[in-house]
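Me: Please take a close look at one part of this structure for me. I am new to reading sheets, so keep the steps short.

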Amino acid sequence: MEIHLNRVDYIQVGVTSQKTMRLLPAVGKKATQKVAVADHDGVLTCFGMKKGEAVPVFKTLPGQKITRLDLGGAAGTPQEKIFVCSGSQVRGFTKKGKQFLTFEANLTESINAMHVSGADLFVCASYIYNHYCDCKDQDYYLSGDKINDITCLSSENLTRFVPILACQDRVLRVLRGSELAYDIEVPGPPSLLELYNKDGGEEILYGTTDGKIGLVHIGESSASTKWEIDNDKKKGGILCIDTYDIVDDGVNDLLVGRDDGTVEVYGFDSASEPTLRFEHVLSESITSIQGGCVGKETYDEILTTTYTGWVTGLTTEPQKAEAGPGDEIRMSKEVQSKVEALRSELEQLQVKVLQGREQYQQTSQSSTAVSAVPVFSINDKFTLCQDDASYTLMLEVQTAIDNLLLQSDVPIDLLDVDKNSAVVSFSECDSEQPNGNFLLATYRCQANTTRLELKVRSIEGQYGTLQAYITPRLQPKTCQVRQYQIKPLSLHQRTHSIDQERPMNRLSLVGQFSFAEIHSWVVFCLPEVPEKTPAGESIAFYFHNTFLGTQLEATYCKGEGHFKSDNISTISILSDVLSKEATKRKINLNVSYDINDDSVSHTLKMIHPKLEYQLMLARKVQLIDALKELQVHEGTADFLIPEYRNILDESNNLLVEYKKQPAHLERLYGMITDLFIDKFKFKGQNVKTKVSSLLEILDNYDLNSLLDFFNEA
């Protein structure tokens with residue numbers, strides 16, 4: 001069944017955080033609902049719609065940035081009390097705007113997730129979870145990794161409240177009091193949790209930062225996954241989810257907002273499997289989404305809030321009338337007054353802009369006026385994308401971006417992004433200089449671009465900093481710098497377990513170092529490791545390489561560390577970096593290796609399909625021009641063998657793919673060369689003179705001759 005929704009913009013507030021907009025319960029059946037939305041200026045705004053106009057119910061004074069908003073109320077009554085958290089403080093307001101609660105949680109960090117249920121308040125700040133009942137301390141839990149969201153289940157089948165934490169290490173932690181009951185592994189770092197049924201039940205929805213969605217059934221001692229939606233189309237990460245029957249078929253649909261501005265509606269078929277029914281793209285990330293009735297009675301709609309504070313509805317109410325030739329269309333009084341209001345608002349804005357310009361001209365020529373740097377906020381995300389082993393840098397600014405300068409002191413490749421319409425130009429770099437640059441690229445953005453997405457791929461073993469200088473279209477010209485660390489093992493990603501059957505190389509370190517010191521070294525080397533030193537005596541982390549599929553296990557405690565990997569180059573990089581870090585702190589290390597020769601041929605066999613595919617692609621691309629010339633000369637391609645005809649038919653796709661993966665072959669050659677050098681480095685031999693022979697073999701690639709060369713060298 002098709003859904004037709006039309007976009008309506010209601011109001012704009014300040015910059016918003018995730019989950020800071022809710023619809024208050026309707027007073028009557030199908031009556032319009034009031035909207036509560038909170039922003040970074042610390043303002044809580046509640047408004048309703050009357051005759052197509054947004055009418056404020058109340059607005060609080062500015063203050064500290066509001067990070068979450070939730071609705072609550074006594075059990076069994078309408079949930080219409082509004083709770084907001086800013087810093088470590090939670091405040092409560094009635095639906096009329098009267099403040100009835102100020103509660104100071106006395107946490108050292110700001111609250112970043114909150115859930116209200118009756119007299120119970122659940123809050124989380126970075127690694128800490130606290131449960132209060134009637135503002136009195138009840139439970140406390142310290143998580144092993146950052147907590148991104150919290151929700152709480154209560155149903156007849158569960159004996160007590162069940163708080164569930166969404167943690168950055170790809171785990172949902174289910175608590176019992178102040179203890180961990182059990183945890184649930186999910187396919188990506190979960191960014192939010194939502195109850196599937198708002199009236200209770202034991203099912204929760206989760207969304208991940210890499211765009212996957214799932215439904216989990218929570219039991220007393222274990223959980224089961226009902227379904228998962230993969231992110232095959234490489235859309236943005238999930239920022240908000242709601243359930244609401246927008247299709248009007250008696251079954252709640254799934255409403256999803258993503259950080260690339262996509263709004264999706266999933267319906268459920270007879271087998272209760274989700275299917276995509278509707279999709280709409282807004283120009284900035286969706287921070288909150290709700291289903292309800294806002295603009296006009298009896299018309300359902302999806303209400304969204306975007307990063308820059310636009311409250312936008314996608315409504316089932318028709319917004320335009322169709323007319324045939326010669327038909328007359330009469331505007332209703334409501335529409336006429338709307339048009340008049342918009343016209344007068346436009347005129348007022350134009351006058352304001354002219355006055356502002358004149359004032360700016362006067363002050364810029366004045367000798368006494370002081371220039372102030374305009375403050376603007378940036379929403380940025382630097383994440384490793386598992387599918388193509390590249391990093392995605394997402395930058396979003398509250399005003400239009402003029403240009404962006406990327407600077408890197410390590411070799412990285414910029415990859416093509418379809419969504420990116422900015423014009424890129426490269427500057428020459430002198431990487432030989434001390435502190436020299438390997439990359440200087442400028443992106444000039446088109447008018448009204450507030451969001452930019454870039455892709456870069458790093459080389460493992462080369463580490464440093466990527467810096468982004470963001471200049472928005474503001475006067476006076478101002479710029480903000482953001483820094484992103486490229487780690488030595490930057491293409492590794494956390495995983496829940498590894499295959500112990502593979503041939504493994506071992507690296508062991510023993511020395512006078514503390515648990516915190518070795519943990520800080522591991523944080524320096526590998527992505528997705530929590531910065532806080534884990535609780536307990538020792539810890540084990542598992543990783544897999546997103547580019548090659550090799551794996552790594554890191555186990556360490558005070559005074560010793562053990563690292564196992566089936567890729568000898570990973571061990572070599574770790575050994576170099578950890579020795580360097582220990583030397584910096586004047587710590588004496590005893591380093592021992594256990595090298596498994598079978599691991600080298602195992603890694604070469606893992607590289608083989610990728611290398612074969614890239615060589616085939618390069619060969620086909622080389623042939624395209626010659627084949628096209630033959631086709632033009634002969635006037636037909638029928639005389640060519642099927643393989644060549646196929647290359648001609650697929651030529652556009654082949655060129656696009658080849659362009660998308662610059663230096664892919666060089667990358668694979670580099671990895672094989674490193675593997676060759678590292679294999680003999682651990683045997684105390686320098687084989688750099690034989691690298692030219694290795695490259696000759698790679699040019700006429702055959703897996704068996706390559707394995708023989710590695711064994712005979």
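Reply: What follows is a walk through one open sheet, then a look at a cavity and an annotated domain. Keep in mind that the model is predicted.

Start with the strand order. Four strands form the open sheet, and they run β6-β7-β8-β9. Their pairing is antiparallel. Strands of a sheet pair through backbone hydrogen bonds, either parallel or antiparallel.

Now find the edges. They are β6 (68-72) and β9 (99-104). Each has a single partner strand, so one side of each is left without a neighbour in the sheet. From one strand to the next, the twist averages 20°.

Next, zoom in on one pair. β7 spans residues 81-86, and β8 spans residues 89-93. Five bridges join these two strands, in the antiparallel sense. Pick out S86: its bridge partner in β8 is Q89.

Then turn to the cavity. Searching the whole structure gives one cavity of 30 Å³ or more. The largest cavity has a volume of about 70 Å³. Its lining has 10 residues, and the closest to its centre are R160, V162, L175, R176 and E220. Strand β16 (residues 171-176) gives the largest share of the lining, three residues. By class, the lining has five nonpolar, two polar and three charged residues.

Last comes the annotation. An unreviewed UniProt entry marks residues 374-484 as "domain: BBS7 GAE". Over residues 374-484, the chain is 54% strand and 0% helix. The end C-alpha atoms of this stretch are 24 Å apart.

Key:
Residues are numbered from 1 along each chain as its sequence is written. This is a predicted model: local features need pLDDT of at least 70, side-chain atom pairs count only at pLDDT 80 or more; totals for chains, interfaces and linings use all residues. Side-chain values use heavy atoms; hydrogens and water are left out. UniProt positions are given in the numbering used here, feature names are shortened, and annotations may be inferred rather than shown by experiment. On a 1 Å grid over the protein atoms alone, a cavity is a set of points where a 1.4 Å probe fits but cannot get out, and a pocket is an open set with protein on both sides within 12 Å along at least five of seven lines; lining residues have an atom within 4 Å of a point. Grid points are joined across faces, edges and corners, and a volume is the space filled by probe spheres set on the points. Ala, Val, Leu, Ile, Met, Phe, Trp, Tyr, Cys and Pro count as nonpolar, Asp, Glu, Lys and Arg as charged, and the others, Gly among them, as polar. Two strands pair if DSSP finds at least two bridges between them. Axes are lines fitted to C-alpha atoms, for helices over the stretch in contact, and angles run from 0 to 180 degrees between N-to-C directions.
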